[in-house]
Every structure is written in C-alpha cells, then in structure tokens.
Amino acid sequence: MCLAVPARIVELEDDRAKVDAMGNRWQARTTLLPDVKVGDLVLVHAGFAISKVDEEDAKKTWELFAHLDDFNETTDKPFG
Amino acid sequence: MLDKIKKSQEVIKAACEKVGRRIQVMEVCGTHTVSIFRSGVRSILPDGVKLLSGPGCPVCVTDQGYIDVVLQLADRDDCLIATYGDMIRVPGQDGSLETRQAKSRIVLSADDALQLAKTYPDKTVVFVAVGFETTTPATAVVVRDAAHQGIKNFCVLCAHKLVVPAMQTLLSAKNDKIDAFLCPGHVSVIIGYEAYAPVVNQYKRPCVVAGFEPVQIMEALAEICDQMAKGQPMLKSMYTAVVTAEGNLTAQALVSDTFDVTDAYWRGLGKIEQSGLELKPKYEAFDAFKRFGLTEVPGQCNTGCRCGEVLCGLVDPKDCGLFGQACTPESPIGPCMVSSEGACAAWYKYGS
C-alpha cells in the first residue's frame with residue numbers, strides 16, 4: 001500500500017499531470033503538491049503525487065525497480 | 001554499498017552483544033515487508049535481531065466485519081464497488097469480491113473511482129476506502145471533487161486508519177514483544193516523522209523512519225540497535241530525501257477538513273480508540289455507511305486463521321496450522337496471505 005514510484009511530470013494542466021518513469025507514462029494528480037511544475041520529479045502513490053523527490057533518489061529507485069521482474073505490475077498497481 | 005551493509009552488520013552485532021538479548025524490531029509498512037524479504041535482508045542480519053511484520057498492510061488490518069459490509073453492498077443491484085486490487089480476493093463470510101466480478105471494478109486511484117461514477121450514472125459507485133495516511137489524502141480529494149461537481153451517485157465506505165494509535169496499542173498490550181519500530185517511509189512523507197514522538201516519549205522505544213532499499217533498511221536497523229545498546233531511544237528519520245519533520249501540510253489540511261478521527265476495528269488488534277477516520281458531517285451524503293444505513297460490527301473469523309496474531313508480532317506465519325497447507329497465495333484463507341505485502345505471503349514466497 002505504501003508503494004510509491006518516482007516519476008517526472010511531463011504534462012500538467014491544473015492539478016492533472018502526465019508522469020513518466022523509465023518510459024512508462026500514466027496520469028497522476030498533483031493536488032497535494034500545489035507548487036510543482038513540468039520537469040519536476042515527484043513520488044506518485046495511487047495516482048497522486050505525494051512529495052517532490054531529487055534526481056539521485058529517483059534514479060536509485062528506478063534502478064531498484066529495473067531489477068524487479070514485476071515492475072510493470074507494480075506501476076499498474078497502487079499497492080502490491 | 002557493500003561497505004555500508006558490512007558496517008551496519010558490525011554495528012548491529014556489537015549492539016546485540018551489549019544488549020545481551022535478542023532485539024525485536026517491528027516494521028509497520030507492507031512495502032518494507034516485501035523489500036526485506038525480497039532483498040534477503042533477513043539472511044544477512046546477525047542472529048541477535050529479529051524482524052516482526054506488524055500491522056502495515058492495509059488489506060491485512062481491515063476487519064472481517066468491513067469485508068462483509070463490502071460484500072453486502074456488492075450484492076445490491078444498485079451498487080458498483082470500486083476497489084484497490086488486493087481487496088478483491090479477501091474472503092468474507094460468503095465468498096469475496098472476486099466471486100462478484102460483475103459488481104466490482106479494480107481502480108488504480110481514488111480518482112478512477114470517481115470517474116466510474118460518471119461512466120455508470122445509473123449505479124451508485126461505492127469506493128472501498130482502505131489504507132493508511134499515504135492513501136487517505138487521495139480519498140479526501142475525490143470526496144471534495146464529488147461535492148464540488150455535484151456527483152450524487154458516488155460514495156465512500158471509509159476504513160482509513162492511523163498508524164500511530166496502532167503502534168501505541170501494540171506497546172500497551174501486556175504481551176508486547178516489540179523493542180523498536182522501523183517506521184514506514186511513505187506514511188511518514190504525509191504525517192512527518194514528528195508524528196512518532198508520542199511513541200518514543202511515552203514508551204521509550206526507538207522509532208526510526210527508513211527508506212526501502214536494502215542498504216537503507218540495514219542502516220536504520222543499525223541505528224535502532226545502537227540506540228538500544230546506548231539505552232537512548234530516539235526518534236530519527238533516515239529517509240531524509242522525502243521525509244520531513246512536519247510532513248505534507250497540504251495533504252494534512254485536506255484530510256482534517258474531510259475526516260473526523262473515530263474509533264476503528266482492526267484485525268487482530270480489535271477496537272482501537274481514535275485510530276480511524278470517518279467523513280465529516282458536511283460530507284455525510286458521500287458516506288456509504290450512512291447512505292445505506294450500515295454499521296460495521298467486528299467480524300467473526302472461525303477458520304483457524306492466525307493473521308491477527310501474526311499482525312501483532314505474537315506468532316510467525318509458519319506457526320499457523322493453515323500456513324502453506326490450506327492457505328496459500330493461490331487459495332488464501334487469511335488477508336496476510338491475500339496481499340502480496342502480507343507477512344504470510346512474503347514468508348510463503350521468500351521463505352523465512
């Protein structure tokens with residue numbers, strides 16, 4: 001349930017964003033982070049960005065996910 | 001990275017020798033549970049430390065009585081259930097949502113549940129709102145949206161829970177075996193690490209927030225053991241990249257504008273005062289309990305399932321007679337085997 005994925009905001013209109021993590025793209029809302037902009041990296045949990053995250057931390061998590069055989073499954077699921 | 005792990009191992013070993021007994025650390029986050037098992041952290045831990053998987057998986061802590069209410073609503077012709085994935089397989093007294101597929105939809109976010117209400121205007125969409133503080137703000141957002149947009153065929157069956165009261169209840173129990181808590185990462189993003197101060201101050205147990213990488217978990221365990229050896233239990237966040245002292249204030253404000261704190265039933269822990277959330281009276285039109293005149297009564301579980309004791313750290317999954325025999329991930333009896341974040345599922349998949 002606590003699973004959250006770092007992703008980059010690639011499109012943003014009001015509080016609705018399209019985010020990207022390693023080429024996987026999906027919709028997320030930024031209601032909980034009023035100050036974000038396109039290009040920011042955020043942690044996305046169950047379709048909502050909950051925190052900003054820095055480049056280094058995001059990369060580490062992506063590398064970790066890349067080694068998981070079920071990454072595609074986890075990006076599709078709000079919790080595992 | 002290996003250096004850091006080795007150093008953590010050394011710190012843990014030295015601390016355990018000084019403490020002179022086994023140190024029992026409970027994690028209260030399903031993602032920590034999965035990360036610990038999948039990465040093999042258990043196998044590289046010195047013998048002096050035992051990890052317990054506590055009430056950190058929302059599916060696992062949801063009371064049987066709530067599951068039965070969900071199934072009752074699914075059986076109504078006018079309702080459509082919107083739920084996060086794992087809840088679909090949790091058995092109630094009469095089957096599960098999986099056996100009612102025509103009446104339920106898996107959603108990836110609370111927002112999708114609200115969209116379903118627009119897609120099915122002739123049904124009342126009931127969102128199965130479970131989860132801890134990480135998930136609650138999303139429910140708050142969609143309830144507010146539904147109110148603003150005047151969407152009447154949407155409501156929320158709220159079972160959101162608060163982590164800190166559960167931690168306090170575990171420590172208040174006479175059978176408490178917990179020396180310290182490895183505090184959840186993403187819950188802490190929302191509530192901030194200061195939220196655990198009452199646990200440290202009242203019960204004098206270390207509370208350390210950890211990230212999810214194996215090295216981060218090892219370093220947090222080393223910090224906990226070191227605090228134990230020094231006899232100085234403290235509050236510390238070691239997931240500084242995203243966890244601040246005060247948390248996400250926007251999310252907290254939304255939650256407190258949408259919900260009141262109330263007593264809640266937990267599987268294994270029973271009724272815990274002020275440990276759950278219900279919609280405020282101004283949003284009662286969106287409260288599924290009120291709309292359908294339902295009350296959640298504590299559920300009865302007569303299957304022999306010991307998930308409740310597992311969640312309290314009292315027994316290991318293998319101590320349950322059903323584990324791996326009658327109860328497997330393919331054919332689960334208890335919620336800790338249903339959810340991939342559950343302790344039983346992790347034990348089954350990765351071994352002890």
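The buried residues of helix α6 of chain B are covered in part by the partner chain: in this predicted model, the covering elements include β3 of chain A, along with β3 (79–83), β5 (124–129), α7 (136–149) and β6 (154–158) of chain B. Helix α6(B) spans residues 110–119, and its buried positions are B:Ala110, B:Asp111, B:Asp112, B:Ala113, B:Leu114 and B:Ala117. It is worth a look at the start of the helix in the viewer, where B:Asp111 and B:Asp112 sit in this buried set beside B:Ala110 and B:Ala113.

One of the covering elements, α7(B), can be followed in more detail. Two packed helices are described by the angle between their axes and the distance between the axes. For α6(B) and α7(B), the axes come within 8 Å and cross at roughly 25°. An angle under 35 degrees counts as roughly parallel, and the two helices α6(B) and α7(B) are therefore roughly parallel to each other. Their crossing is right-handed. On the α6(B) side, the contact is made by B:Ala110, B:Asp111, B:Ala113 and B:Leu114, which meet B:Ala138, B:Thr139, B:Val141, B:Val142, B:Asp145 and B:Ala146 of α7(B). By class, the residues of this contact are seven nonpolar, one polar and two charged. An α-helix has 3.6 residues a turn, so residues three or four places apart point the same way. That spacing can be traced along α6(B) from B:Ala110 to B:Ala113 and B:Leu114.

Other covering elements, β3, β5 and β6 of chain B, belong to a sheet. This open sheet has four strands in the order β4-β3-β5-β6 (chain B), and the pairing is parallel. Strands β4 (104–106) and β6 of chain B each have a single partner strand and stand at the edges, so one side of each lacks a neighbour in the sheet. From one strand to the next, the twist averages 25°. Strands β3(B) and β4(B) run parallel and are joined by three bridges, and here B:Thr83 stands opposite B:Ile106 of β4(B). Helix α5 (residues 64–74) of chain B lies across β3, β4, β5 and β6 of chain B, and runs at about 140° to β3(B).

Chain B also has an open sheet of five strands, again with parallel pairing, in the order β2-β1-β7-β8-β9. Here the edges are taken by β2 (49–53) and β9 (235–237) of chain B; each has a single partner strand, so one side of each is left without a neighbour in the sheet. Direction ignored, neighbouring strands are turned by 20° against each other on average. Within this sheet, β7 (residues 180–183) and β8 (residues 207–209) of chain B pair in the parallel sense over three bridges, with B:Cys183 opposite B:Val209 of β8(B). Helix α11 (residues 214–230) of chain B lies across β1 (23–27), β2, β7, β8 and β9 of chain B, at about 155° to β7(B).

In chain A, strand β3 (residues 24–29) runs antiparallel to strand β2 (residues 16–21), and six bridges join the two. The two strands form a hairpin with two residues between them, and A:Met22 in the turn has a positive phi of about 50°. A:Ala21 has A:Asn24 of β3(A) as its bridge partner.

Taken as a whole, the contact between the chains draws on 26 residues from chain A and 35 residues from chain B. On the chain A side, β4 (41–45), β5 (48–52) and α1 (55–66) are the elements that give two or more residues. This side of chain A has 15 nonpolar, five polar and six charged residues.

Note on methods. Residues are numbered from 1 along each chain as its sequence is written. Chains are lettered from A and ligands numbered from 1 in the order in which they are written. This is a predicted model: local features need pLDDT of at least 70, side-chain atom pairs count only at pLDDT 80 or more; totals for chains, interfaces and linings use all residues. Two strands pair if DSSP finds at least two bridges between them. Two residues are in contact if their C-beta atoms, placed from the backbone, lie within 7 Å. Ala, Val, Leu, Ile, Met, Phe, Trp, Tyr, Cys and Pro count as nonpolar, Asp, Glu, Lys and Arg as charged, and the others, Gly among them, as polar. Axes are lines fitted to C-alpha atoms, for helices over the stretch in contact, and angles run from 0 to 180 degrees between N-to-C directions. A residue is buried if 20 or more other C-beta atoms lie within 10 Å of its own, exposed if 12 or fewer, and partly exposed in between; C-beta atoms are placed from the backbone. Angles under 35 degrees count as roughly parallel, over 145 as roughly antiparallel, 65 to 115 as roughly perpendicular and the rest as oblique. A crossing is left-handed if the near helix is turned anticlockwise from the far one by less than a right angle, and right-handed if clockwise.
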